[in-house]
Amino acid sequence: MRRVPRIALAGAATASLALVLSACGGTSTSSGSGSSESKGDKGLAIAYDVGGKGDQSFNDAAFAGLEKAKKEFGYETADIEPTDGETDADKEQRLASLAKQGYNPVVGVGYAYAPAVKAAAEKYPDTTFGIVDDSTIEAKNVADLVFSEQEASYLAGVAAAKATKTGTVGFVGGVDIPLIHKFEAGFAQGAKDTKPGVKVLSQYLTQTAEEGGFSSPDKGKTAAEGQIEKKADVVYAAAGLSGQGVIEAAAANKVWAIGVDSDQYLQEALGKYKGSILTSATKDVAKAVYNLAKSVEDGQPESGIVRGDLKSGEVGLADSNPEFKSNTAIQEAVEAAKKKIISGEIKVEAS
């Protein structure tokens, strides 16, 4: 059924719901009553991936989608941070608690939520769940929000190949998993198609997320410094919060960084480094999260695989840096590659 927003309560309800995590890290409780009478007034809830809010990237993009939904629909929202060492059971408890309180939809931000989303969705079939970056869950009440990251990364590779003066570029991946392989594959293909003979250095920070690959700027900085010592003068990071260290290293060594997921040139926390951020390979997590909330609000919840790609405009390259935007050679090369990808002339590898 379609939820009817209570616009009269917008002034109070649009403030994000204060949430308190228990010591075990799995349960969240609302500052409101949580009674069944308030179920119809509660809307989108998101549970963050490793790195949490403030990563200037993936999680912050999801929060932007939540903020847009909150403003437009005038309902209560919730966003919850991850905790160190949490288990799938902790994640499931978190999602189930949100559904029990009446939030709808409930979104797990990141592939690590797959087991938890699957289990919670079975327990709460009347709640729509979403998961970002996972396509393995087949359920009527689950939307798999995925992206063709390799296409945006290909364009990043084109830009890097046009910008490099040393003929060497670098890729830093947060965790050595298939999702991040897509970023690496697209970037390397785009660079080599654009400048045959270009050298692409690649490094993954950790084998598992638990080791801090997505949440350790110091690891990202060290990896980038190593690549820069090997003459990389453009470094692309797909590493969540760790990517901030890559950007810092690029700025310190006066080379280019390429951001990821969000337009990192515009991120306030990265303001002092923005002159070194050539562009960012973006994926519109904000739009995907907002669209899921809108589909629930409209009474036609999304489900199944919902993919954003270059053709739909949900992945691409940011052009906020004036130096990038005014570089005719880069812009022409990127635009030509974009047209060929959309038409199918260029097939971008995902691994």
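User: Happy to start in the sheet: what makes G170 and V235 in β10 a pair worth pointing to?

Analyst: G170 stands opposite V235 in β10. Four bridges join strand β8 (residues 168-175) to β10, and the two run parallel. Strands pair if DSSP finds at least two bridges between them, and strands here are DSSP E runs of at least two residues, helices H or I runs of at least four, numbered from the N terminus. This is a predicted model, where local features need pLDDT of at least 70, side-chain atom pairs count only at pLDDT 80 or more, and totals for chains, interfaces and linings use all residues. Residues are numbered from 1 along each chain as its sequence is written, and side-chain values use heavy atoms, leaving out hydrogens and water.

User: Why is strand β10 called largely enclosed?

Analyst: Buried means under 20% relative accessible area, exposed over 50%, partly exposed in between (1.4 Å probe, protein chains only). Five of the five residues of β10 (residues 234-238) are buried, so the rest of the structure largely encloses this strand. On one side these are V234, Y236 and A238, and on the other V235 and A237.

User: Thanks! And why are α7 and α8 called oblique?

Analyst: Helix α7 (residues 217-229) and α8 pack at about 40°, with axes 6 Å apart. Angles under 35 degrees count as roughly parallel, over 145 as roughly antiparallel, 65 to 115 as roughly perpendicular and the rest as oblique. α7 and α8 are therefore oblique to each other.

Methods. Axes are lines fitted to C-alpha atoms, for helices over the stretch in contact, and angles run from 0 to 180 degrees between N-to-C directions.
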